[in-house]
Structure formats: structure tokens, C-alpha cells
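User: Hey, can you walk me through this protein? I'm new to reading structures, so go easy on me.
Analyst: Sure, here it is.

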Amino acid sequence: MAVSGDPKLKIVKGEAGYVLEDVPHLADYLSDLPTYPNPLQTNPAYSVVKQYFVNQDDTVAQKIVVHKDSPRGTHLRRAGPRQKVYFEADEVHACIVTCGGLCPGLNTVIREIVCGLYHMYGVNKVLGIDGGYSGFYSRNTVDLTPRVVNDIHKRGGTILGTSRGGHDTSKIVDSIHDRGINQVYIIGGDGTQRGASVIFEEVRRRGLKVAVVGVPKTIDNDIPVIDRSFGFDTAVEEAQRAINAAHVEAESIENGIGVVKLMGRYSGFIAMYATLASRDVDCCLIPESPFFLEGRGGLFEFIEKRLKENGHMVIVIAEGAGQDLLEESLQSMNQQDASGNKLLKDVGLWISQRIKDHFAHQHKLSVNLKYIDPTYMIRAIPSNAADNVYCTLLAQSAVHGAMAGFTGFVVGPVNGRHSYIPFNVDIDPSSTFDIQHITERQNKVVITDRMWARLLSSTNQPSFLNPKDVDEVLKEEEPVTQLLEGDNCKDSKY
């Protein structure tokens with residue numbers, strides 16, 4: 001196999017178009033590192049496991065739907081325990097930090113990292129960094145032990161606290177070095193992982209034996225490459241309560257309209273899956289699918305039609321949908337929060353008022369509209385059973401990777417197999433490899449894909465796309481005759 005000569009770009013090429021996008025390793029920039037037998041060999045919990053170590057050549061295909069003559073394509077390093085580790089239990093001093101917005105499952109990930117280090121590898125020095133990235137140089141820490149974290153998975157939020165911004169690379173790495181920390185677990189979304197990537201680069205530049213590991217977190221499910229993000233399943237489940245309440249309100253009064261705003265700044269996955277799961281929704285509006293209000297084929301016309309047919313309707317709208325229609329948003333679109341996210345106007349309140357004003361002006365129908373925004377209620381709840389199991393797998397995979405000496409990566413399932421995915425790296429523009437990275441872009445609903453078509457079929461709503469919009473979308477996305485890759489696979493594998 002041929003290996004890329006660029007230390008930042010660990011690309012291994014094999015036969016039949018095989019490409020491995022490998023993750024960095026401490027041995028890449030530190031020579032003569034000692035290795036030790038993995039203590040899992042003597043761990044009673046693993047004594048009955050037939051093969052508990054991952055083969056060093058195991059990789060996970062990023063694309064699983066192929067033609068018979070297709071090249072093997074891009075692969076990622078499979079997650080899991082290795083036979084040799086690069087840290088002894090006594091030398092490990094780990095830390096955990098949570099950044100960005102709240103999400104169901106944060107406490108579960110914290111708990112399982114602590115318990116995984118302690119019970120699988122005998123590590124008993126784990127610090128919690130209080131209050132996000134700024135906690136590193138504010139010197140706020142919490143000692144984490146299995147006893148401290150025992151019941152935290154039953155609570156929402158994060159016991160470590162969180163914040164947006166506060167990223168000062170030099171101060172953070174200075175703090176890591178001064179405290180003797182050699183494993184850093186960073187839980188957060190795309191902005192947080194961009195920060196983690198910079199921390200990793202600075203650690204490598206200084207030649208420190210520090211493993212930097214990211215656990216991707218976003219309730220919106222907008223992280224690319226991985227199958228889904230933790231907290232998403234819980235969010236979809238909890239959104240059903242709001243949709244059900246809106247449906248009860250709407251059907252209990254003449255010409256009742258229930259409007260529910262759900263999370264989704266740039267990606268409408270929560271709104272789409274909650275709509276499909278509910279079956280009570282008449283119209284779903286997401287950022288990826290443009291819509292218009294007035295005129296033939298517009299939203300107002302559809303509302304009037306549905307009210308005449310059923311006497312009530314429920315509308316689900318993602319928070320990032322229709323932002324181009326808000327006249328007042330022109331100024332706010334250039335404003336950002338501390339994490340670099342655009343500040344969005346409340347599209348739920350805006351569209352509710354526009355609907356009421358339209359029908360009041362037309363004098364055709366007297367509508368009764370109820371608006372529900374469950375955003376902060378959903379963010380703050382504990383994770384459900386499915387997400388709890390998922391968070392456990394994420395945390396343990398992260399621990400296995402750090403102990404094996406891997407660094408500069410995030411962990412997540414790719415086509416059902418947990419994998420190590422490198423942080424964003426410098427890619428040669430002339431490269432022919434189709435490589436996607438966690439920090440490069442966001443995963444979005446593909447509105448020319450089958451999952452969105454299933455939603456339209458379920459709600460019987462129009463697409464609200466005019467022919468010009470359709471042409472624009474088709475130019476941006478792959479033709480349906482080609483193989484689907486990356487985020488498209490998420491929508492099309494069912």
C-alpha cells in the first residue's frame with residue numbers, strides 16, 4: 001500500500017481503488033514511545049468475549065451501496081480496543097469538557113468516559129473542566145470518579161456546565177501542559193470540534209504526549225459522515241408531545257391551526273423525523289426546502305385548502321426555515337453568537353402572525369391559531385434508552401482510541417460501525433479523493449431524496465418549489481441515478 005507523504009494527510013491507498021483516511025497517532029510525531037499490554041486481557045468483563053481486540057487492519061467503508069465495477073472507495077479506521085496501549089493506568093491524567101448548547105445525553109457520555117477509563121483501564125485521575133473551553137484557563141475543575149458520576153445520566157444538561165466561545169488555544173494548551181493532562185475528551189458540535197482540531201494541532205506542534213479526542217454533539221443531527229448524533233433520537237421522541245398537544249388544540253376548535261417550532265438551524269432532520277413519526281402533521285417546513293406564502297401554490301393557499309377539507313391542521317417548522325422571508329432578518333443575519341452561529345429571528349412567532357394577519361385581512365376564514373415552542377424543554381431532558389446505549393458506545397470507543405495512542409479524531413458510527421474520523425486537515429485541491437470531514441460542513445436533508453418524498457407523501461403537502469427552485473436544487477445535489485454518498489446515505493438506507 002502507498003502512504004501519503006504529508007504528515008497532516010494520512011491517506012493510505014490500496015488495490016481496487018481502496019483509500020484509507022487514517023487518523024493521527026502519537027507515534028507520528030513522538031519517537032520511541034513504549035507500549036503496554038492492554039489490561040482488558042485480564043478484565044473479567046471481557047473474559048467471555050471471543051475476540052475483544054480490533055484487528056489493526058480493520059476499516060469501515062464510508063459508502064456501502066456500490067455497483068459491481070465500483071472502486072472500493074474511502075474507508076475509516078474501525079473503533080475499538082487494541083492489543084497494545086500507549087498509556088499505563090497510573091500515568092493517565094484525563095479531562096472532559098462540554099461546550100455549546102445543551103443536548104440530551106451529555107451526562108451519559110461524561111459518565112461512561114469516567115467509568116470506561118476506571119473500570120476497563122484502571123484510570124483514576126479524571127478531571128471535569130467547568131464551564132466549557134474558558135474553564136481550562138479559569139482553572140475551574142471537578143474531580144470525577146465513578147461514584148461522583150453514578151447517577152448523572154438520569155439528569156438533563158451537563159454537570160460540568162457549558163458555554164459558547166472562550167477558545168484561546170495557547171491558554172488552553174498551556175493549562176493542559178501545566179496540569180499534566182495527557183488525554184482530553186471534548187464533547188461538542190461542529191464549532192467545538194473545530195476548536196478541538198486547533199488544540200490538537202498546537203499539541204502536536206509542541207510535541208506533547210496528549211491524545212485529543214472529540215465526541216460530536218448536536219441535537220440537530222447536522223454532523224456529516226456519522227450516521228446520527230446523540231440526543232437526536234430523544235429530541236424526535238420528545239417533539240411528539242408538542243405535536244400531539246398542537247393537534248389536540250387544533251382539532252378542538254373550528255379552523256384550528258397548531259404551529260410547532262422545532263430545533264434545526266440549518267438542517268431539518270428533527271422536524272422531518274418528528275413529522276413522519278407523528279402522522280398528525282399537515283405541513284412540515286425545513287431550511288433545506290424553500291417555500292413562499294402568497295399566491296398560487298403558496299403556503300396560505302394550502303392552509304385554506306386543508307382547513308376546508310379537515311377543519312383543522314398542524315404545521316411543524318424548523319427554526320432555520322423561511323429566514324429569507326423575514327424582512328427584519330436582514331440586519332440580524334450578520335450577527336453571530338459566541339460560537340459563530342448566525343443569530344436567527346423567531347420564525348415560529350413570525351409565521352404565526354403572518355397566518356393570522358392573512359386570514360383576518362381576507363375575511364374568508366376565521367382561524368384560531370396556537371403556537372408551541374418546546375425547544376428548551378427538549379434540550380434539557382435526560383436521554384432516552386436508545387440514546388443512553390448510543391452514548392455508552394461513543395464514550396467507550398473514545399476511551400479505547402485514546403488509550404491506543406490515536407489522537408486528533410472524533411468518534412461516531414459510520415454505516416453501523418463505530419469509527420475514528422480525523423479532524424479537518426489541509427487537503428490538496430488537486431486531490432481526487434472524495435473525503436468528508438466532521439468540521440468541514442453540515443449534514444442536511446436532501447430534498448430530492450426518498451426520505452423527503454416519504455414525508456411529502458405522508459402529509460400530502462405541496463413541495464412549495466417552483467420550477468426554478470427545482471433546477472437550483474438539482475444542480476447542487478447528485479442526480480438520483482448516481483450512487484448516494486455521505487449524508488445522502490443516511491436518508492436512503494431505509
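User: Okay, how much of the protein counts as buried?
Analyst: Of its 494 residues, 55% count as buried. Keep in mind that this is a predicted model.

User: Got it. How many helices and strands does the protein have?
Analyst: There are 14 helices and 18 strands.

User: And what about contacts, what share join residues at least 24 apart?
Analyst: If you take the contacts between residues at least 6 apart in sequence, 77% of them join residues at least 24 apart.

User: Let's start with helix 1. Where is helix 1, and what length should its residues span?
Analyst: Helix 1 covers residues 106-121, and at 1.5 Å a residue its 16 residues should span 22 Å. The C-alpha atoms at its ends are 22 Å apart, which agrees.

User: How many residues of helix 1 are buried?
Analyst: 14 of the 16 are buried, so helix 1 is largely enclosed by the rest of the structure.

User: What follows helix 1?
Analyst: Gly-122 does, and its phi is positive, near 75°.

User: How do people even describe two helices packing together?
Analyst: By the angle between their axes and the distance between the axes.

User: Cool, so what are those values for helix 1 and helix 11?
Analyst: Helix 1 and helix 11 (residues 385-403) pack at an angle of about 50°, and their axes are 8 Å apart. The two helices are therefore oblique to each other. The crossing of helix 1 past helix 11 is right-handed.

User: Which residues make that contact?
Analyst: From helix 1 you have Thr-108, Val-109, Glu-112, Ile-113, Gly-116, Leu-117, Met-120 and Tyr-121. Helix 11 brings Asn-388, Cys-391, Thr-392, Ala-395, Gln-396, Val-399, His-400 and Met-403. Sorted by class, the contact of helix 1 with helix 11 has nine nonpolar, six polar and one charged residues.

User: Why would residues three or four places apart point the same way in a helix?
Analyst: An α-helix has 3.6 residues a turn, so residues spaced three or four places apart end up pointing the same way.

User: Nice. Switching pairs: how do helix 5 and helix 6 pack?
Analyst: Helix 5 (residues 232-251) and helix 6 (residues 269-278) pack at about 55°, with axes 9 Å apart. That makes helix 5 oblique to helix 6. Their crossing is right-handed.

User: Which residues meet there?
Analyst: Phe-232, Ala-235, Val-236, Ala-239, Gln-240 and Ile-243 in helix 5 meet Phe-269, Ile-270, Tyr-273, Ala-274, Ala-277 and Ser-278 in helix 6. By class, the contact of helix 5 with helix 6 has 10 nonpolar, two polar and no charged residues.

User: One more pair, helix 3 and helix 4. At what angle do they cross?
Analyst: Helix 3 (residues 169-179) and helix 4 (residues 190-206) cross at roughly 60°, and their axes come within 10 Å. That makes helix 3 oblique to helix 4. Helix 3 passes helix 4 in a right-handed crossing.

User: Who's touching whom in helix 3 and helix 4?
Analyst: On the helix 3 side there are Thr-169, Ser-170, Ile-172, Val-173, Asp-174 and Ile-176. They meet Val-198, Ile-199, Glu-202, Val-203 and Arg-206 in helix 4. By class, the contact of helix 3 with helix 4 has six nonpolar, two polar and three charged residues.

User: Okay, single residues now. Is Val-259 buried or exposed?
Analyst: Val-259 lies in strand 13 (residues 256-262). Buried means under 20% relative accessible area. Val-259 has 0% relative accessibility, so it counts as buried.

User: What does Val-259 touch?
Analyst: Leaving out residues up to four places away in sequence, Val-259 touches Ile-315, Ile-317, Ile-351, Ser-352, Leu-369, Lys-370, Tyr-371 and Ile-372. Also, the C-alpha atoms of Val-259 and Asp-373 are separated by 8.5 Å, with the two residues 114 apart along the chain.

User: Where's Ser-352?
Analyst: Ser-352 is in helix 9 (residues 347-362). It counts as buried, at 4% relative accessibility. Not counting residues up to four places away in sequence, Ser-352 touches Val-259, Leu-369 and Tyr-371.

User: Last one: where does Val-411 sit?
Analyst: Val-411 is in strand 17 (residues 409-414), and at 0% relative accessibility Val-411 counts as buried. Val-411 and Val-213 are 198 residues apart in sequence, yet 7.9 Å apart in space, C-alpha to C-alpha. Beyond residues up to four places away in sequence, Val-411 touches several others, including Ala-79, Pro-216, Leu-394 and Tyr-420.

Methods
Residues are numbered from 1 along each chain as its sequence is written. This is a predicted model: local features need pLDDT of at least 70, side-chain atom pairs count only at pLDDT 80 or more; totals for chains, interfaces and linings use all residues. Side-chain values use heavy atoms; hydrogens and water are left out. Axes are lines fitted to C-alpha atoms, for helices over the stretch in contact, and angles run from 0 to 180 degrees between N-to-C directions. Helices (H or I, at least four residues) and strands (E, at least two) are DSSP runs, numbered from the N terminus. Angles under 35 degrees count as roughly parallel, over 145 as roughly antiparallel, 65 to 115 as roughly perpendicular and the rest as oblique. A crossing is left-handed if the near helix is turned anticlockwise from the far one by less than a right angle, and right-handed if clockwise. Contact means heavy atoms within 4.5 Å. Ala, Val, Leu, Ile, Met, Phe, Trp, Tyr, Cys and Pro count as nonpolar, Asp, Glu, Lys and Arg as charged, and the others, Gly among them, as polar. The expected span of a helix is 1.5 Å times one less than its number of residues. Buried means under 20% relative accessible area, exposed over 50%, partly exposed in between (1.4 Å probe, protein chains only).
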